[in-house]
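Work through the following exercises with the sequence and the model at hand. A worked solution follows each task.

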Amino acid sequence: MTMEPTYRGIEEAEREQAAALMMLGFGHPHRADYARRTVAEEFRVLEADGEIVSVLRQARLAQWWLGRALPSAQVLQLATPPEHRARGYGAVLLGRLMAELYDDGVPTVTLRPSTAAFYRTVGFEFAGSWSVYQVRCEHLPRSAAPWRVRRLAPDGLEPVLGLYERLVPARHGGLARDRRWWRRFTREGLPEPATCFLLEAEDSSPVGWMLVAFEPGMAVPPEPFSNRIEVLDWGCVPGAERGLLAALAGWGPLGGYVQWSGPDPDPVLFALDDEHLSMIARYHWMLRLVDLAAAFAGRPYPAGVDGEVSFTVQDTACPWNAGHWRMVLGGGKAELDRTGSVPAGRADPRGLAALFTGFADPEVLAAAGMLDGFGGAELGLLRAAFAGPRPWTAEFY
Ligand SMILES: CC(C)(COP(=O)(O)OP(=O)(O)OC[C@H]1O[C@@H](n2cnc3c(N)ncnc32)[C@H](O)[C@@H]1OP(=O)(O)O)[C@@H](O)C(=O)NCCC(=O)NCCS
């Protein structure tokens with residue numbers, strides 16, 4: 001008889017096996033280097049009849065929302081071995097993770113889906129983006145003045161880490177990175193580590209950084225050269241983009257072009273003298289509200305938005321979120337309380353996820369059926385409350 005599946009973490013001795021199952025799920029059974037990059041504490045598994053029937057890897061980095069950091073989790077990978085698929089195990093594993101996060105006081109969890117339909121069944125929705133841009137080096141500004149560019153040794157990143165800490169609060173959706181993220185961006189331990197540049201002001205204070213990989217390609221005649229410069233990560237104080245770009249202008253005659261992931265619109269658009277950049281791809285990340293009330297109360301709101309809106313939530317995956325809620329907005333804050341009356345508005349947890357980050361307009365979510373029964377004034381209030389910068393993260397996971 002099949003017992004109720006067990007949810008648990010793994011022992012160090014099981015890490016290779018869990019990593020191998022993950023790679024099998026993703027169709028990369030020979031990726032031995034994957035196991036090397038994992039730690040046992042990140043894994044959660046579902047076990048049935050003594051066998052692992054679904055596995056995920058998660059991280060717990062805080063995320064910045066309009067200048068305030070809230071605890072958050074990231075599902076890095078999830079897989080159900082082929083022989084156990086379509087039995088509900090993946091959904092149960094995610095549901096159990098969300099219960100764990102709720103108990104740990106983590107109000108949101110995000111991921112990059114390869115199968116959004118699967119994640120939607122447990123309340124995830126698209127809530128932010130990665131936009132990938134390209135510009136040919138010949139279009140970049142040639143002078144970095146008044147800034148200077150300095151090359152850093154890969155183990156000399158301290159000024160970059162300090163600058164990131166200063167700048168990340170202004171990234172709506174930015175992750176509070178740990179050392180592992182920096183090691184990933186610097187390609188530590190790989191045959192070709194990143195080249196690291198620091199941008200400095202005249203007084204030598206750091207104002208920007210750039211971690212790049214040079215990827216020479218096949219030139220297409222009549223072009224004699226082709227050189228892709230992949231920006232693995234970069235950032236600067238507002239307005240210093242020209243300095244970073246100028247550091248790459250010299251590759252223009254070598255067929256150089258720069259590729260990076262950034263917000264939309266990207267400040268680079270305003271640092272170039274014409275519309276030289278092109279967006280070549282856009283991907284979206286998903287968010288799940290684990291603790292609806294804590295998440296909405298945790299992020300800031302525009303100062304002048306006052307009012308209240310009530311709605312009913314049905315949430316089978318996170319039943320503690322279900323019920324009738326009243327959200328009171330004022331003084332740059334929101335408070336959510338249970339209400340005894342039955343509101344006309346109904347909100348799907350997925351719609352609330354896309355609203356929480358300001359990714360989608362409430363009218364769009366209403367048209368998609370994720371907000372229902374709200375009056376025009378209530379939708380207007382929600383629009384004002386959730387207006388703001390478009391959410392994005394520089395970290396692709
Ligand atoms: C995607 C994956 C994790 C699903 O695992 P699973 O254990 O088979 O999923 P479940 O049985 O729990 O499915 C839960 C729900 O998602 C739906 N679903 C699952 N896979 C789906 C897919 N590929 N497309 C659409 N819906 C899907 C199921 O129909 C089910 O819906 P229901 O509740 O309405 O019946 C599994 O197919 C897998 O490991 N794929 C390869 C790795 C991968 O893509 N991982 C996710 C990307 S990060």
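**Exercise 1. Domains and their contact**

Into which domains is the protein divided? Then describe how domain 1 meets domain 3.

Solution. The model is a predicted one.

Step 1. The division gives domain 1 at 6–126, domain 2 at 131–284 and domain 3 at 287–385.

Step 2. Between the centres of domain 1 and domain 3, taken over C-alpha atoms, the separation is 27 Å. Each of the two contributes to the contact: 20 residues from domain 1 and 20 residues from domain 3.

Step 3. On the side of domain 1 that touches domain 3, at least two residues each are supplied by strand 5 (68–70), helix 3 (89–103), strand 7 (108–111) and strand 8 (125–136). Helix 3 gives the largest share, four residues.

Step 4. Sorted by type, that side of domain 1 has twelve nonpolar, five polar and three charged residues.

**Exercise 2. Overall form**

How many helices and strands does the protein have? Then decide how its radius of gyration compares with the globule rule.

Solution.

Step 1. The secondary structure consists of twelve helices and 19 strands.

Step 2. The globule rule gives 21 Å for 397 residues, and the radius of gyration of the protein is 23 Å, close to that value, so the protein is as compact as a globular protein of that length.

Step 3. Along the principal axes, the C-alpha atoms fill a box of roughly 65 × 55 × 40 Å.

Step 4. Of the 397 residues, 39% are buried. Among contacts between residues at least 6 apart in sequence, 72% join residues at least 24 apart.

**Exercise 3. The sheet of twelve strands**

In which order do the strands of the open sheet of twelve strands lie? Identify its edges and one strand pair within it.

Solution.

Step 1. The order is 1-2-3-6-7-14-8-13-12-11-10-9, and the pairing is mixed.

Step 2. The edges are strand 1 (6–8) and strand 9 (148–152); each has a single partner strand, so one side of each is left without a neighbour in the sheet. From one strand to the next, the twist averages 30 degrees.

Step 3. Take strand 10 (residues 195–200) and strand 11 (residues 206–216): they pair in the antiparallel sense over six bridges. Leu199 has Gly208 of strand 11 as its bridge partner.

Step 4. Helix 10 (residues 349–356) lies across strand 8 and strand 14 (278–289). The angle of helix 10 to strand 8 is about 45 degrees.

**Exercise 4. The sheet of five strands**

Which strands stand at the edges of the open sheet of five strands? Add the pairing of strand 16 with strand 17 and the helix that lies across strand 15.

Solution.

Step 1. The five strands come in the order 17-16-15-18-19, with mixed pairing.

Step 2. Strand 17 (333–338) and strand 19 (371–372) are the edge strands, each pairing on one side only.

Step 3. Strand 16 (residues 323–330) and strand 17 run antiparallel and are joined by six bridges. Arg326 has its bridge partner in strand 17, namely Asp337.

Step 4. Helix 12 (residues 376–386) lies across strand 15 (307–313), strand 16 and strand 18 (345–347). The angle of helix 12 to strand 15 is about 105 degrees.

**Exercise 5. Backbone exceptions in loops**

Where do the cis peptide bonds at Pro146 and Pro222 lie? Are Leu66 and Ala86 buried, partly exposed or exposed?

Solution.

Step 1. Start from the general expectation: most residues other than glycine have a negative phi, and most peptide bonds are trans.

Step 2. A cis peptide bond, with omega about 10 degrees, joins Ala145 and Pro146. Pro146 is in the loop between strand 8 and strand 9.

Step 3. Another cis peptide bond joins Pro221 and Pro222, with omega about 10 degrees. Pro222 belongs to the loop between strand 11 and strand 12 (227–236).

Step 4. Leu66 is not a glycine, yet its phi is positive, about 50 degrees. Leu66 lies in the loop between strand 4 (63–65) and strand 5. With 19 other C-beta atoms within 10 Å, Leu66 is partly exposed, because a residue counts as buried from 20 upward.

Step 5. Ala86, also not a glycine, has a positive phi of about 60 degrees. The loop that holds Ala86 runs between strand 6 (72–79) and helix 3. Ala86 has 8 C-beta neighbours inside 10 Å and counts as exposed, because the cut-off for exposed is 12 or fewer.

Definitions and conventions: Residues are numbered from 1 along each chain as its sequence is written. This is a predicted model: local features need pLDDT of at least 70, side-chain atom pairs count only at pLDDT 80 or more; totals for chains, interfaces and linings use all residues. Domain bounds come from an automatic or database domain assignment. Two residues are in contact if their C-beta atoms, placed from the backbone, lie within 7 Å. Ala, Val, Leu, Ile, Met, Phe, Trp, Tyr, Cys and Pro count as nonpolar, Asp, Glu, Lys and Arg as charged, and the others, Gly among them, as polar. The radius of gyration is taken over C-alpha atoms; the globule rule is 2.2 Å times the number of residues to the power 0.38. Two strands pair if DSSP finds at least two bridges between them. Axes are lines fitted to C-alpha atoms, for helices over the stretch in contact, and angles run from 0 to 180 degrees between N-to-C directions.
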